[in-house]
Amino acid sequence: MENVVPYKIQILSIIGALSFMFFIFRLIAKGKLREEYSIIWIICTLILLVFSVWRDGLDVIAKLLGVYYAPSLIFLAAIFAIIIFLVHLSVVNSKQHEQIKKLTQEMALIKEKYLKEDSKKAKSN
């Protein structure tokens with residue numbers, strides 16, 4: 001009975017990872033998730049799938065890296081991934097802020113030009 005429980009957990013984690021992958025692909029197909037962001041989620045899901053199939057993988061990698069407690073490696077990787085993702089989102093946010101600023105300035109110039117032409121037409125009539 002003791003050997004059955006880890007296999008149930010392994011099967012559940014594989015099903016969970018595959019379900020999440022399907023969910024990501026559905027979001028991409030519906031246009032609700034852009035491809036540039038979906039790559040991150042697909043990679044994370046593939047990593048989860050690999051560790052779901054390769055049960056001793058975390059211990060092997062922890063020993064290679066000299067980590068004493070293997071589950072702490074998960075938290076380290078998660079924190080690192082979150083920091084990288086936040087930096088990426090900050091860069092995208094800054095880029096979009098500049099684009100909005102530029103578009104606002106262009107719109108103001110176009111509006112000013114339109115109002116000048118409209119006032120010239122009103123004076124000529």
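Me: Where is Phe25 found, and is Phe25 buried or exposed?

Reply: Phe25 is found in helix α1. This is a predicted model. Phe25 counts as partly exposed because its relative accessibility is 44%, and the partly exposed class lies between 20% and 50%.

Me: How far apart are the C-alpha atoms of Phe25 and His97?

Reply: They are separated by 29 Å. Along the chain, Phe25 and His97 are 72 residues apart.

Me: And what are the two separations for Cys44 and Ala78?

Reply: In sequence, 34 residues. In space, 9.8 Å from C-alpha to C-alpha. Cys44 sits in helix α2. Its relative accessible area is 34%, so Cys44 is partly exposed.

Me: Now the nonpolar residues. Which residues make up the largest nonpolar core?

Reply: The general idea comes first. In soluble globular proteins, nonpolar side chains tend to be buried together. Here the largest nonpolar core has six residues: Met21, Ile24, Leu33, Tyr37, Ile42 and Val92.

Me: Which elements give two or more residues to this core?

Reply: Helices α1 (4–30) and α2 (35–53) do.

Me: Take one core member. What does Met21 touch?

Reply: Leave aside residues up to four places away in sequence. Met21 then touches Ile42, Thr45 and Leu46. Of these, Ile42 is listed in the core along with Met21.

Me: What about nonpolar residues on the surface? Which residues form the patch there?

Reply: The patch consists of Ile39, Ile43, Ile47, Val50, Phe51, Trp54, Val60, Leu64 and Leu65. Together they have about 860 Å² of accessible area.

Me: Which element gives the most to the nonpolar patch?

Reply: Helix α2 does, with five residues. Both α2 and α3 (57–65) supply at least two residues each.

Me: Pick a residue from the patch. How accessible is Phe51?

Reply: Phe51 is found in helix α2. Its relative accessible area is 32%, so Phe51 is partly exposed.

Me: Next, a polar side chain. Is Gln10 buried or exposed?

Reply: Gln10 has its place in helix α1. Gln10 counts as buried because its relative accessibility is 14%, and the cut-off for buried is under 20%.

Me: Which backbone oxygen lies 3.0 Å from a polar atom of the Gln10 side chain?

Reply: The backbone oxygen of Val53. Val53 also appears among the residues that Gln10 touches. The others are Ser52 and Arg55, again leaving out residues up to four places away in sequence.

Me: On to charges. How many salt bridges does the structure hold?

Reply: General idea: side chains of opposite charge can pair when their charged atoms come close. This structure holds two salt bridges.

Me: Which residue forms a salt bridge with Arg34?

Reply: Glu36 does. The closest N and O atoms are 2.7 Å apart. Glu36 is partly exposed, with a relative accessible area of 35%. Arg34 is partly exposed too, at 47%.

Me: And which residue forms a salt bridge with Glu112?

Reply: Lys116, with the closest N and O atoms 3.7 Å apart. Why about one helical turn between them? Because Glu112 and Lys116 are four residues apart in helix α4 (residues 70–124).

Me: How accessible are Glu112 and Lys116?

Reply: Glu112 has a relative accessible area of 39%, so Glu112 is partly exposed. Lys116 counts as partly exposed at 49% relative accessibility.

Methods
Residues numbered from 1 in each chain as written. Predicted model: local features only at pLDDT ≥ 70, side-chain atom pairs only at ≥ 80, totals over all residues. Heavy atoms only, no water. Core = buried A, V, L, I, M, F, W, Y, C linked by side-chain atoms within 4.5 Å. Buried < 20%, exposed > 50% of the residue type's maximum accessible area, 1.4 Å probe, protein only. Contact = heavy atoms within 4.5 Å. Patch = residues over 30% accessible without salt bridge, like charges linked within 9 Å, V, L, I, M, F, W, Y side chains within 5 Å. Areas by Shrake-Rupley, 256 points an atom, 1.4 Å probe, with all protein chains shown as cover. Salt bridge = Lys/Arg side-chain N within 4 Å of Asp/Glu carboxyl O. Polar contact = N/O pair within 3.5 Å; in protein donor to acceptor, adjacent residues only side chain to side chain.
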